[in-house]
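Trainee: I'm new to this structure and would like a close look at just one part of it. Could you pick a helix and follow its links to the rest?

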Amino acid sequence: MANELDEMTGPVNTAGRDVAVIEKQIPVKTGIGSVIFEVLLWICAILPGLIFLIMKIKAGNYLSQLQQKIQHDASQIDNYLEQRVVILQNCARLLDKAIDLDKTTMTQIAAYRSGASPDGDGARNEIAQKIDSVGRSINIAFENYPDLKAHAEIADAMQQNAYLQKEITAAREVYNDTVNTWNRDIFAWPTKMIVASRRGYTTRIPFSTSAEVKEQARGVFF
């Protein structure tokens, strides 16, 4: 029998393919089959029904704990985002003293400083992308004035900014891993899926990269 996927003979898309995160939450739904399954367990004997009831309780506890883990991972991202906003704010002030920095940058940073802890997954993703944009504006200003690199405070602030960006990337990866576990487990039939359906759970949206960042990634850097 031949291999279903043969990397030697194709077919191959020579043009390549770009991918994107779909901004959509899918609700968990179970049909009449799940109801019949549960009823049959009780009809067959009391013991199978009780065992499945205990399994559902355990599944409910597991999903509740996983939900708290998602909140914890999201909070870690918020913490790093808030720290980065503070660093960028300090950076902008230092640069503003040395050069005529775009005033809109200062205004944007002040706005993010007051609201760096969003409630929803989508809002958190949007704010993170906007902070990245502000960070790039400051980096451009920094690069346009090479003499500023000798300024110890500015150089230190830029290093802290680079470090925090790496931490945010790592925290996003942890968050996305937990979200992937959630999205997989709520559709694990019968126990977890039935519990998730009864509680009205939906899939969660992982972090994604903005179109601007994707376009820059295609550019030539050297």
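Mentor: What follows is a walk around helix α1, its partners, and the core that some of the neighbouring helices help to build.

Before we start, keep in mind that this is a predicted model: local features need pLDDT of at least 70, side-chain atom pairs count only at pLDDT 80 or more, and totals for chains, interfaces and linings use all residues. Residues are numbered from 1 along each chain as its sequence is written, and side-chain values use heavy atoms, with hydrogens and water left out.

Helix α1 covers residues 32–44 and includes Ile36. Helices here are DSSP runs (H or I, at least four residues), numbered from the N terminus. With 45% relative accessibility, Ile36 is partly exposed; by the cut-offs used, under 20% relative accessible area is buried, over 50% is exposed, and anything in between is partly exposed (1.4 Å probe, protein chains only). Ile36 joins Ile32, Val35, Val39, Leu40 and Ile43 in a nonpolar surface patch of about 560 Å². For a patch, residues need over 30% relative accessible area and no salt bridge; nonpolar side chains (Val, Leu, Ile, Met, Phe, Trp, Tyr) are joined within 5 Å, like charges within 9 Å. The areas themselves come from the Shrake-Rupley method with a 1.4 Å probe, and for residues only the protein chains shown count as cover. It also helps to know that an α-helix has 3.6 residues a turn, so residues three or four places apart point the same way.

Now for Glu38, which is buried, at 10% relative accessibility. Lys56 makes a salt bridge with Glu38, and their closest N and O atoms are 2.5 Å apart. Lys56 sits in helix α2 and Glu38 in helix α1, so this pair ties together parts 18 residues apart in sequence. A salt bridge here means a side-chain nitrogen of Lys or Arg within 4 Å of a carboxyl oxygen of Asp or Glu. Lys56 is buried too, at 18% relative accessibility. Glu38 also meets Arg198 in a salt bridge, at 2.4 Å from N to O. Since Arg198 belongs to helix α6 and Glu38 to helix α1, that pair ties together parts 160 residues apart in sequence. Arg198 is exposed, at 54% relative accessibility.

The whole structure holds four salt bridges. Another of them pairs Lys69 with Asp73 at 2.9 Å, N to O. Lys69 and Asp73 are four residues apart in helix α2, so about one helical turn separates them. Asp73 is buried at 4% relative accessibility, whereas Lys69 is partly exposed at 36%. Back at Glu38, shared partners link Glu38, Lys56 and Arg198 into one salt-bridge network.

Helix α1 has an aromatic link as well. A search of the whole structure turns up four aromatic pairs. In one of them, the ring centres of Phe37 and Trp189 are 5.1 Å apart and the planes are at 55 degrees, so the pair is tilted. Phe37 is in helix α1 and Trp189 in the loop between α5 and α6, so parts 152 residues apart in sequence are tied together. For the cut-offs, rings of Phe, Tyr and Trp (its six-membered ring) pair if their centres lie within 6.5 Å; planes under 30 degrees apart are stacked, over 60 edge-to-face, and the rest tilted. Phe37 is partly exposed at 27%, and so is Trp189 at 45%. Ring pairs Trp182 and Tyr201 are tilted too, because their centres are 5.0 Å apart and their planes at 55 degrees. Trp182 lies in helix α5 and Tyr201 in the loop between α6 and α7 (211–217), so they tie together parts 19 residues apart in sequence. Both Trp182 and Tyr201 are buried. As for Phe37 and Trp189, they form one aromatic cluster with Phe52.

Trp182 leads us to the core. The largest nonpolar core has 27 residues, and Leu63, Tyr175 and Trp182 have the most contacts inside it. Helices α2 (46–98), α4 (121–144), α5 (152–185) and α6 (191–199) each supply at least two of its residues, and α2 gives the most, with 11. Such a core is a set of buried Ala, Val, Leu, Ile, Met, Phe, Trp, Tyr and Cys residues joined through side-chain atoms within 4.5 Å. Beyond its neighbours within four places in sequence, Trp182 is in contact (heavy atoms within 4.5 Å) with several residues, including Leu63, Leu66, Ile70 and Tyr201.
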